[in-house]
Amino acid sequence: MSTDLDIRDLTVRFNALTAVDCVNLTVPGGTTVGLVGESGSGKSTLARAIAGLLRPESGRIHLGGKDITGQRLGHPDRRRVQLVFQDPAASLDPRMTAGSAVKQGLLSRTDIRSRQRTAEADRMLRLVGLEARLHDSLPRELSGGQRQRVALARALAANPDVLIADEITSALDASVQGGVLNLLRTLQAELGLTVLFISHNLAAVRYVSDVVAVMYCGQIVEVAPVDRITTAPRHPYTASLLEAVPTIEDRPSHRVTGLRTAAATLAQEPADPHQPPSGCRFHPRCPRGPAAHPERVACRVSAPTRDHSTGAACFFPLATPMAPIDLGR
Ligand SMILES: Nc1ncnc2c1ncn2[C@@H]1O[C@H](COP(=O)(O)OP(=O)(O)OP(=O)(O)O)[C@@H](O)[C@H]1O
């Protein structure tokens, strides 16, 4: 049975810097939510807070209805959320074999006896597409893709409900990225995992996600099903991100929403989370905001909340593209 992950009003601060600001996000059980946004927008901080590696200042994290906020290391529920990082070379101990790394993940399991661990570690290695003969290999004897599979096996060994994948393909050669993404999709479906998939790579996000959440300067500015958000983004920031992907330009729906103007905005510096702009944090860069439309003062003075009908936190969201007109024969 798959488990919902519910994040409510979550705030994480590093001294004066609010890296995650009152974030609300639900990852429905057994689905994948992709989390995108520019560098420094707070994606990894949110991931680490959900995984219990950072203590939030306020807000709650619920897993299957149970509050797991701020659980300490060693709490039995901590294994239920597993985080896999970008760089397996850094996250794996260079002196520890693949099998030993996976066995570490098994330590949190009360249902696996110590004498079963070797066989179970081999099963986990096979599950991620590695031959059991690699059990005794050290990280330096493995390729980047194999190392990331070991990191995945170690995470899955804990039998988690939620897997957070933070840029897991970014450090890999393009030729092996697809294999890891396919593996993630297969594992997600077979194990009924609830997945938060963080990536700069919008093509990867589109490939694995059911829903996409867009983060800007510590806040979630838009959430929508993947097909909708990639063809008809409602928040100007989402549009800017999509516009930065060259292949998207050929999509007719984007011409309808007139997104070409948004591309230029990404050339400007992102908002500084130490001194976030007033009102909507995107307003100084926004092609639909007061810089281009001086009468739109609301953007400067009030912070928009996410609207249920558009999924976007914006006073002047982009219009839904009109359905194609059927001209008949
Ligand atoms: N341990 C820390 N101490 C102080 N500030 C931090 C710490 N970790 C992150 N930050 C700051 O918090 C903000 C959000 O960073 P975070 O790494 O969560 O962003 P991100 O969206 O994951 O970026 P990237 O895509 O580059 O990984 C940034 O301004 C960053 O400098």
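Start by selecting Asp77, which is partly exposed, with 14 other C-beta atoms within 10 Å. Keep in mind as you look around that this is a predicted model. Asp77 sits in the loop between strand 5 and strand 6 (81–84). Which residues does Asp77 touch, once you leave aside its neighbours within four places in sequence? Add Ile68 and Gln71 to your selection: those are its contacts. Now pick Gln219 too and draw a line between the two C-alpha atoms; Asp77 and Gln219 are 142 residues apart along the chain, and the line should read 27 Å.

**Next stop: the sheet**

Colour strands 2, 1, 4 and 5, in that order. Together they make an open sheet of four strands, with antiparallel pairing. Which strands are at the edges? Look for strand 2 (17–27) and strand 5 (66–67), each of which pairs on one side only.

Zoom in on strand 1 (residues 5–14) and strand 4 (residues 58–63): they run antiparallel, and five bridges join them. To see one bridge pair, click on Ile7 and then on its partner in strand 4, Ile61. Now bring in helix 1 (residues 43–50), which packs on this sheet and touches strand 1, strand 2 and strand 4. Line up helix 1 with strand 2 and you'll find that their directions make about 65°.

**Two helices that cross**

Hide the sheet and show helix 3 (residues 98–106) with helix 4 (residues 117–127). Their axes are 9 Å apart, and the two pack at an angle of about 105°. Helix 3 and helix 4 are therefore roughly perpendicular to each other.

What meets what here? On the helix 3 side, select Ala98, Gly99, Val102, Lys103 and Leu106; facing them from helix 4 are Arg117, Thr118, Glu120, Ala121, Met124 and Leu125. Try colouring this contact by residue type: you should get six nonpolar, two polar and three charged residues.

**Last stop: helix 9**

Finally, select helix 9 (residues 236–243). Is helix 9 largely enclosed or left open by the rest of the structure? Eight of its eight residues are buried, so helix 9 is largely enclosed. Step along and click each one: Pro236, Tyr237, Thr238, Ala239, Ser240, Leu241, Leu242 and Glu243.

To see what surrounds these buried residues, switch on the elements they pack against. Two of them are helices, helix 7 (202–208) and helix 8 (226–231). The others are strand 3 (32–36), strand 9 (211–216) and strand 10 (219–225).

Conventions:
Residues numbered from 1 in each chain as written. Predicted model: local features only at pLDDT ≥ 70, side-chain atom pairs only at ≥ 80, totals over all residues. Axes fitted to C-alpha atoms, helices over the stretch in contact; angles between N-to-C directions. Parallel < 35°, antiparallel > 145°, perpendicular 65-115°, else oblique. Contact = placed C-beta atoms within 7 Å. Nonpolar A, V, L, I, M, F, W, Y, C, P; charged D, E, K, R; others polar. Buried ≥ 20, exposed ≤ 12 C-beta atoms within 10 Å, placed from the backbone. Pairing = 2+ DSSP bridges.
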